[in-house]
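I set out to record, entry by entry, what I looked up in this structure. The entries begin with the ligand and move on to strands, backbone and charged pairs.

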Amino acid sequence: MPNLSDATRHRILYGGDYNPEQWPEETWYEDVRLMRAAGVNSVTLGVFSWAKLEPRPGEYDFAWLDRLMDLMHENGIGVVLATPTASPPPWLGHLHPDTLPRDEDGRTEWWGGRQHFSHSSATYRRHAAAVTEALAARYGGHPALTMWHINNEYCTFDHGDEAAVRFRRWLQDRYGTLDALNTAWGTAFWSQGYGDWDEILPARRAHYLKNPTQVLDFRRFTSDMLLECFTAERDIVRRHTPHLPVTTNFMPLWHGQDAWRWAEEEDVVSVDLYPDPRDPHGAQEGALVQDMTRSQARGPWMLMEQAAGAVNWRGANHPKPRGLNRLWSLQAVARGADAVCYFQWRQSRQGAEKFHSGMVGHAGEEGRTHQEVKQLGADLARLGPHVAGSRVTADIAVLHDWHSWWAGDQDGRPSTRFAYPDVLRAWHRALWEARLTTDFAHPEHDLAPYRAVVVPQLYALTDAATDNLLAYVRGGGTLVCGFLTGTADQDDRIRPGGMDARLRELFGIRTLHEWWPLDTGETAVCDGFHGTLWSEEIEPDGTADETLPYQGGELDGLPAVLRKGRAWYLSTLPEPDALRDLLTRVAADAGARPVLGGLPADVEAVRRGDLLFLLNHGRDQVTVEVPGTHRDLLTDATVTDGVTLGRYGVAVLTEPPA
Ligand code: GAL
């Protein structure tokens, strides 16, 4: 199978979405001049070009794209060619309203924006296949083509009638019989028993709480339908170009796709990443998404989109202050990216995203944003041969699963004061602050390579996942689980006793009497720290080696934290410093060491291959002690026993050549 290295060829890909159909052709020549000067070696063409490519049904106009493909080739810029199927032309919806999706209230999502396609519509799928076929036939042999980019950020839902038909078929495949479905969905409650498949609907608007397993299955179904759309187009382009890799861009921590499952179907895993420049935890957010994408890719991955400056979809859209674009881009490289790309090359003058930054902003070539883009291009060109293809290894895995998220984050639960991603972020951030490099893993993955496995919250665990966790601990691994783990099975059926019995035994819990969620701003005093979000009335069975009790209140003296051998259970979310300290200790006991000791507070350190990346996320100059003599690949300077980093400064250290 082809992979990212087939496109990078020992370089880091640098570039972005290029939407030249917005500009007169003379601008294309100016674009190419600027691209070359900025070290751009890759552009993504055609992401939203369907109406331009197929202005009338079955009538293609490739002349403009021919000229662009040639222009890119002549200038040594590779093309990631997109199928344009994320934004069908108006004629498709006009002629075939069945291609338009319906929301949960049955309202149509019309053309006039983008992503107005029903994943279940046979007509949409037929037209998407036809334009994909035409593109692949025309450009499969073009020398500029390096990779395929299918659709864009698959993220749509459809509750319409055609989706209902496919949903029933999907459920028949999953359950076989209505009896099995009724059992899995617990339809005995509230008179929901189904006597005919045709009675089953997508999770449409209901008067009160919806059946949670129906909602869970509808999410699974949606992810699977979108995946069918992806693989259908992927298979078409593969037939023409079996030697070229295929990707589609994920949104970070997006709830609509089971990205573990999707990643298995891609040659290259790519993601779009837009941390808020004003978020004090923006760097940690970036690190989380980068670690997750690398883990899905099981190696180098592609940063498909980021913003060179401001986005246009937050409340107050700040640009990136000087240096931040470079810092966050190099952070992605440190954490395994072999491609650093943007949305989009040239900032639009019209349309919905004219206030969204580009690599060339409204200020043009002289603008600060473009000047920084140019500097970064030079940095990446320097790093490429040393970095491309190399790996990041981690001693710790954080477990994450979309199905558990879908089951857990629903209405009608004990607390709506937190969402699952917040819990995941809190744990990953604690590990980041402890300077521990982490992978992500699925609960049924092989965990043997890791010294410690951290489970922030896996509300729904299959029997196989539970077996996997138990086997991991039996095999000598260290396991740390957060609250609401192992609560339900794959059908969202609560496990007897409120937590899988085998897990209770693992942690030394006799009875989990009650859950005591904490309100916003409320904390539970524990021995040595405060807990947030949640607490539990647990009766230990006396086998734990160590417990940290709640102090005061209803739970006084009951364990907030239990450790039995190498298995830890946290029945609350400790405040950030306490969680960091606890995980630091757990990691040390398990033999997982921080990347570097004694780092200044704002400095992140990551090892990739035999390089050490040091990234200063602060605005103050700092000195980082690094024993020995090294070469900084960014400056070519030799540094001995330490390096000084200015505001948002980065060093990439290697041993000097002998
Ligand atoms: C992404 C999308 C791009 C652009 C960008 C703006 O979600 O793929 O086309 O809209 O956001 O931030």
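**Entry 1: ligand site**

I began with Arg114, which has a polar side-chain atom 2.9 Å from an oxygen atom of the ligand. The model I am reading is a predicted one. Next I looked up Glu305, where a polar side-chain atom lies 2.7 Å from an oxygen atom of the ligand. For His356, I found an N or O atom of the side chain 2.7 Å from an oxygen atom of the ligand. I then checked how far the ligand is covered: on its own it has 310 Å² of accessible area, and the protein covers 95% of that. The residues I listed around the ligand include Phe48, Asn152, Glu153, Asp272, Tyr274, Trp313, Phe343 and Glu353.

**Entry 2: a cis peptide beside the ligand**

Phe343 is one of the residues that surround the ligand, so I inspected its backbone. A cis peptide bond joins Phe343 to Gln344, with omega at about -10°. I placed Gln344 in the loop between β9 (337-342) and α13 (368-387).

**Entry 3: positive phi values**

I looked up residues other than glycine with a positive phi. Gln115 has a phi of about 60° and sits in the loop between α5 (90-95) and α6 (122-139). Is Gln115 buried or exposed? I noted a relative accessible area of 11% for Gln115, which means that it is buried. Tyr648 has a phi of about 55° and belongs to the loop between β25 and β26. Tyr648 also counts as buried, because its relative accessibility is 9%.

**Entry 4: the nine-stranded sheet**

I traced an open sheet of nine strands with parallel pairing, in the order β5-β4-β3-β2-β1-β9-β8-β7-β6. Because β5 (246-247) and β6 (249-250) stand at the edges with a single partner strand each, one side of each lacks a neighbour in the sheet. Within this sheet I examined the pairing of β1 (residues 13-18) with β2 (residues 42-45), which is parallel and has four bridges. Gly16 has Val43 of β2 as its bridge partner.

Thr241 lies in the loop that leads from α9 to β5. I recorded Thr241 as buried, since its relative accessible area is 0%. The side chain of Thr241 makes a polar contact of 2.9 Å with the side chain of Trp148.

**Entry 5: strands β24 to β26**

I found seven bridges between β24 (residues 622-632) and β25 (residues 638-645), in the antiparallel sense. His630 stands opposite Val639 of β25. The two strands β24 and β25 form a hairpin with five residues between them, and Asp636 in the turn has a positive phi of about 70°. I also checked β24 against β26 (residues 650-654): two bridges join them, and they run antiparallel. Here Arg631 stands opposite Thr654 of β26.

**Entry 6: salt bridges**

My count of salt bridges comes to 48, taking a side-chain nitrogen of Lys or Arg within 4 Å of a carboxyl oxygen of Asp or Glu. I looked up three pairs in detail.

Glu228 and Arg125 meet in a salt bridge with an N to O distance of 2.8 Å. The pair links distant parts of the chain, with Glu228 in helix α9 and Arg125 in helix α6, 103 residues apart. Glu228 is partly exposed at a relative accessible area of 35%, and Arg125 is partly exposed at 21%.

Asp217 and Arg174 form a salt bridge at 3.6 Å, N to O. This pair links distant parts of the chain: Asp217 is in helix α9 and Arg174 in helix α7 (residues 161-175), 43 residues apart. I noted Asp217 as buried, with a relative accessible area of 0%, whereas Arg174 is partly exposed at 37%.

Arg417 and Asp519 meet at 2.5 Å, N to O. Which loops hold Arg417 and Asp519? Arg417 is in the loop between α14 (402-408) and α15 (420-433), and Asp519 is in the loop between β14 (509-517) and β15 (523-526), 102 residues apart. I recorded Arg417 as partly exposed at 46% relative accessibility and Asp519 as partly exposed at a relative accessible area of 37%.

I also noted a network of salt bridges that links Asp103, Glu104, Asp105, Arg107, Arg205 and Lys210.

**Entry 7: a nonpolar surface patch**

Lastly, I looked up a nonpolar patch on the surface. Phe189, Trp190 and Tyr208 make this patch, which has an area of about 400 Å². Phe189 lies in the loop between α8 (178-185) and α9 (212-240). Is Phe189 buried or exposed? I entered Phe189 as exposed, because its relative accessibility is 56% and the cut-off for that class is over 50%.

Notes
Residues are numbered from 1 along each chain as its sequence is written. This is a predicted model: local features need pLDDT of at least 70, side-chain atom pairs count only at pLDDT 80 or more; totals for chains, interfaces and linings use all residues. Side-chain values use heavy atoms; hydrogens and water are left out. Patches are made of residues with over 30% relative accessible area and no salt bridge: like charges are joined within 9 Å, nonpolar side chains (Val, Leu, Ile, Met, Phe, Trp, Tyr) within 5 Å. Accessible areas come from the Shrake-Rupley method with a 1.4 Å probe; for residues, only the protein chains shown count as cover. Buried means under 20% relative accessible area, exposed over 50%, partly exposed in between (1.4 Å probe, protein chains only). Two strands pair if DSSP finds at least two bridges between them. A residue is near a molecule or strand if one of its heavy atoms lies within 4 Å of it. A polar contact is a pair of N or O atoms within 3.5 Å; within protein, one must be able to donate a hydrogen and the other to accept it, and residues adjacent in sequence count only if both atoms are side-chain atoms.
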